[in-house]
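Reader: Could you pull up the chain, and we go through its fold and helix packing?

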Amino acid sequence: MLDFRKSHLPQSELVRWLADLIYPGMTRSFPRNKRIRMHLDRAKKKGLIRTKKSEKNILIHTQSFLRWVSRKKARGLDW
C-alpha cells in the first residue's frame, strides 16, 4: 500500500496502484500500464501534476496527483 502522506511517490508505483484500481480483472500487463502512464504524461505536460527526478525514478508530487485523479473521476473522464 502506498503512503500518500509522503510528499512525493515513484511514478512506477503510482502507475501500478492506479492500474490495479481501474483494471482489477486484468493481470499485470504492459498495455494497461502504458495507458495509465500516457494519461500521467499528458497531465504532466499540461502542468496538472508536478514531478521531481531522483537518480533512479521520476517522483510525482502526491497532492497534485491526488487532485488530478479526483478531478478526472469527478468529470467522469475515461481511462
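Author: What follows covers the chain as a whole and then one helix pair. This is a predicted model, where local features need pLDDT of at least 70, side-chain atom pairs count only at pLDDT 80 or more, and totals for chains, interfaces and linings use all residues. Residues are numbered from 1 along each chain as its sequence is written, and side-chain values use heavy atoms, with hydrogens and water left out.

Reader: What order do the elements run in from the N terminus?
Author: The order is β-α-α-β-β-α, which comes to three helices and three strands (DSSP runs, H or I of at least four residues for helices, E of at least two for strands).

Reader: How much of the chain is buried?
Author: Of the 79 residues, 32% count as buried, meaning under 20% relative accessible area with a 1.4 Å probe, protein chains only.

Reader: Now the helices. At what angle do the axes of α1 and α2 cross?
Author: Helix α1 (residues 11-22) and helix α2 (residues 30-46) cross at roughly 120°, and their axes come within 9 Å. Axes are lines fitted to C-alpha atoms over the stretch in contact, with angles from 0 to 180 degrees between N-to-C directions.

Reader: Which residues of α1 meet α2?
Author: Q11, V15, R16, L18, A19, D20 and I22 in α1 meet R32, N33, I36, R37, L40, D41 and K44 in α2, with contact meaning heavy atoms within 4.5 Å.

Reader: And how do contacts split by sequence separation?
Author: Among contacts in the chain with a separation of 6 or more, 48% come from residues 24 or more positions apart.

Notes: Buried < 20%, exposed > 50% of the residue type's maximum accessible area, 1.4 Å probe, protein only.
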